[in-house]
Amino acid sequence: MSPGPGFTGVRQPEFDLLVAGHGRAGEQLEALAARLYGELRAAGLDTTPALRIREIARRVSAQGADIRRRQRLIRELERQQVAFGACTAGGAFFAVPDREAAAEGLLAGDAARRAIRGEAGAVGRLESYATSPDDPDFVRAFVGTLGGAGVAGVPGVLVWRIGDALRNGDTARAERFAAQARRVLTLLSAAVARATDPGDAAFAGDDLLTELARQGRARHTVFGVTYYGYQAQALLWRFGGHAWSRRFMEIVGRDAIAFERELYAGRWQARAGLLGLGAPQVALLDLAAMLGTDLPSADPEGPEGLGSGRAVLDALFTAAAPDPAAAQALLDHTPAGWDRSTLSYLLTTRLDAFDLTGGHASFGRLLQSATTGQDTVSANLATELAATLSAHLDGVFGVGDDGRLTIADPARLARIAPLRHPLAAALAARIGALTDVFVNHGRLGTLSAERLDRLLAFVNRDEAAFDLLVRAHAEHMRAALNTIPDLTGGPALQKGDFDGDGTLTGAERDHLLNRHFANRIVEEARLFGHLLETRAQALVADGQEAKRTDESLRTMVRDSLGLLPLPGAPLAGTLAKGAFGDILTKSHEKLTTTGYDQIAKHMAGTSGLPLDLAYHDLADNEAAVERLTEQMVASTMLTHGLFEHVRLTDETFITDHNPPRIKPIASMTSAQYGDFLKWARQISDINDLLERGRDTLNNRSDARRNLDLAAYRVSKDEP
C-alpha cells in the first residue's frame, strides 16, 4: 500500500535509536535548565537564558512523546503482522501513521483482509472497529488498505458464514453471524460512503471510485462461491442509511446500471421473442439473494425495511434516493452508446425486472427524489416520466356501453400501477404548470391536456396519489387567493375608478377585489374539476361508486386546511412561487406547516374537535372542494382586513375588546368558526364567488372529451 497523506516514512533500526536519544536529550536539557536557573538566580543575574532552555526542553519532550507514540504504533503493527514495511540496503523502511486513528484503520483493514482469507477470529477483530468511521484518518487508512477487491470480498465472507451455519442446521449460530454481519457491513458501508464523497474530509479521490467500478464488474471467489463485485457492494448500499455522494453515483452507480444491462441484454431480448414463453425478466441479484441467505436490516424503519428489494439496482436506488442530487445523477444521464436516457431505459426496457424482486418501492423513492424539486433537472425528469408513462397508457382505457370509462387492457395497466404515487408526486411538484395547461391551453413538456387527463385517470385510481395532488392544488389555490392586488394606484386605479375622481371608493375597491377573487376561483376550480372527474371515472372503471367523498378531502375540510394564512402568522405565500418540491420530497403532509400547526395545537386543546363540523354532511368531492374554497376566501378576506369596515355587535366570534374585533381563527371554537362562515356569507359576496367556482367545477365537458367520454352523463342534472 502506498503510504499517502497522513504517514511519515522512517527506517529501522535508526528510528529506535532516535526515540531513545530524543528521550535522553529532553531529560538532559531539562536538567541543564534547572541547574542554570539556580546559579543565575543565586548570582542575582537575569534568568531568561535558563527559561529559554527550559522551553526548548519542553518542546523536545513533546516531540519525544509523539515519536514514542509512533514507536508504539510500529510495535502494534508488527505484533499483528500487518505488512507495511519495505526492506532497503539501509534497513527496513516503514510508513508510520501520523495519528492513532490511521493506525487503527490499517489494523481494521488488515483484519478484513485476513477475514477474506478465512483466518479464525478476523471477523470479530474487524467488528471491534464498528464505531471508528467517525474519524476521517481511520476511514482513509481502512478503505485504502482494503481497496476495491477487499470491499467486494468482505461481504462474501459474511454471507457465506451465515449460509454455512444454515446448511448445517445451526440457526442460533446463523442468527449470531447475521447480527455480526450487519454491524460489519454498516462499518464498511459508512467508510466507503465517506471515502467516496468529495465533500467529506475522508475522501480518497476518484481513483478509489474507478477501482470500485472496475472491481464491481470483476468476478470474485470466496470459499468456492463466485460472484460479481457489484453483488457484494449492493449489501453496502442497503445497510447503514449513510449518504452516498453524487460523485459516487456518477462513476459507480451509473456503471452498475450499464453493467446489468450488458449482462442481461441478450436474455431480455430472447424473452421478448417468440420463444420467450412468458419467462420473467431477470435482474442481477445482490449477494445475499443469490445465495438464498436472508440478511434483513436490524432496523425495520431503515433502508431494508422500506421495500428495497433484493436486486443490485434496488439497493443502488435505496442508497441514492435520500439525496436528490445523487438520484438525478443516476437518472439524468445517457450512457455512451445508448439511444435513450437511463430514466427512459428503467421505465421501458428494464421495467418488468422490478417484478422479480419487488423493487418498485426503491425505484419509486428514487423517482420522487429526482423529480420533485423546483430545479430545471427535476422539471425535465418529471416531464420525461410523465411522457413515458403516458405512452404506456395508449390502449389501456376504453369506453363502455354506458359511455363511462373502462379498462381495456388490465395487464398493461397493472404493469405500471406501482408508479402511480411517484408520478403523482412529480405532477404535484409542477402543480402550477398543470393548472396552466387546463386554464391557458398550454402543455406540460410535450403533453397536451388530453394526455394529461389520461395520466390523471391513471394516477387518481390510487387514493394516496389523489390525496397528494389535491393537497398540492389546495395549497396552490390558497396561495393564489392570497395574492391581493395593489389597490393604492396604478393599474388598479385605472381599472376601478369608474367615477373618474382619481380615488377608489369603498364600492369600487370591493368590485376590484371581487373580480380578483372570482378570476382566481375560476382558474383554480378548473384544475379541481379535472382532478375530480378523472378520480370519479377511475373509480367507475374499477367498479366503484363515482359519487363519493374521499377521506382525504373530508379530512382537509374537517381540519380546516383552507385557514392558512392565519392573522398575525407568517404567510404561506412562498407556496405561490412553486415551493412544493422541497416539501414533497419529505412528506406531502408537510404542506400543512406554518399557521396550520397553530390550528392543530388549538384543536388538541379543545378535545380534538374539528373547526369545521360541516365535513359530516359532505355528500361528495365537489361539496368538499366548495367548502374548502369557502374557507379559503373567508380566511383570506379576514387576513387582509376586508371585514374591518363592518360593524360588529353580538357575534359569537368577536373579542371583548373595545372596540370589538373578529378573533384570530386559531382561537375560535368550532361553533364560533361555523358562525363566522355564515356571517361572512351574509355580509360579503362570497356566495356569488362560490357560485362562479361551482359552475366551473361542475363543467366536466373538457375532461370527458379528453377521455373520449363526451356523450357520458350521470343524470339529466349533471352538466
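This is a quick run through a few backbone and salt-bridge details in the structure above. Keep in mind that we're looking at a predicted model.

Okay, backbone first. Phe-223 has a positive phi, near 50°, and it isn't a glycine. Where does Phe-223 lie? In the loop between β4, residues 219-222, and β5, residues 225-228. Its relative accessible area is 39%, so Phe-223 goes down as partly exposed.

Asp-708 has a positive phi too, near 65°, and again that's a residue other than glycine. You'll find Asp-708 in the segment after α30, which covers 701-706. Asp-708 is exposed, at 53% relative accessibility.

Now, stay with Asp-708, since its side chain also meets that of Arg-454 in a salt bridge, 2.7 Å from N to O. Arg-454 sits in helix α20, residues 449-459, and Asp-708 in the segment after α30, so this pair ties together parts that are 254 residues apart in sequence.

How many salt bridges are there in total? The count comes to 42. Let me show you two more that stay within a helix.

One is Arg-167 with Asp-164, where the closest N and O atoms are 3.9 Å apart. Those two are 3 residues apart in helix α5, residues 136-167, so about one helical turn separates them. Arg-167 is exposed, with a relative accessible area of 56%.

The other is Glu-630 with Arg-627, at 3.1 Å, N to O. They're 3 residues apart in α27, residues 621-639, which again means about one helical turn. Both Glu-630 and Arg-627 are buried.

And last, a network: Asp-110, Arg-114, Arg-117 and Glu-119 are joined into one by salt bridges that share partners.

Note on methods:
Residues are numbered from 1 along each chain as its sequence is written. This is a predicted model: local features need pLDDT of at least 70, side-chain atom pairs count only at pLDDT 80 or more; totals for chains, interfaces and linings use all residues. Side-chain values use heavy atoms; hydrogens and water are left out. Helices (H or I, at least four residues) and strands (E, at least two) are DSSP runs, numbered from the N terminus. Buried means under 20% relative accessible area, exposed over 50%, partly exposed in between (1.4 Å probe, protein chains only). A salt bridge is a side-chain nitrogen of Lys or Arg within 4 Å of a carboxyl oxygen of Asp or Glu.
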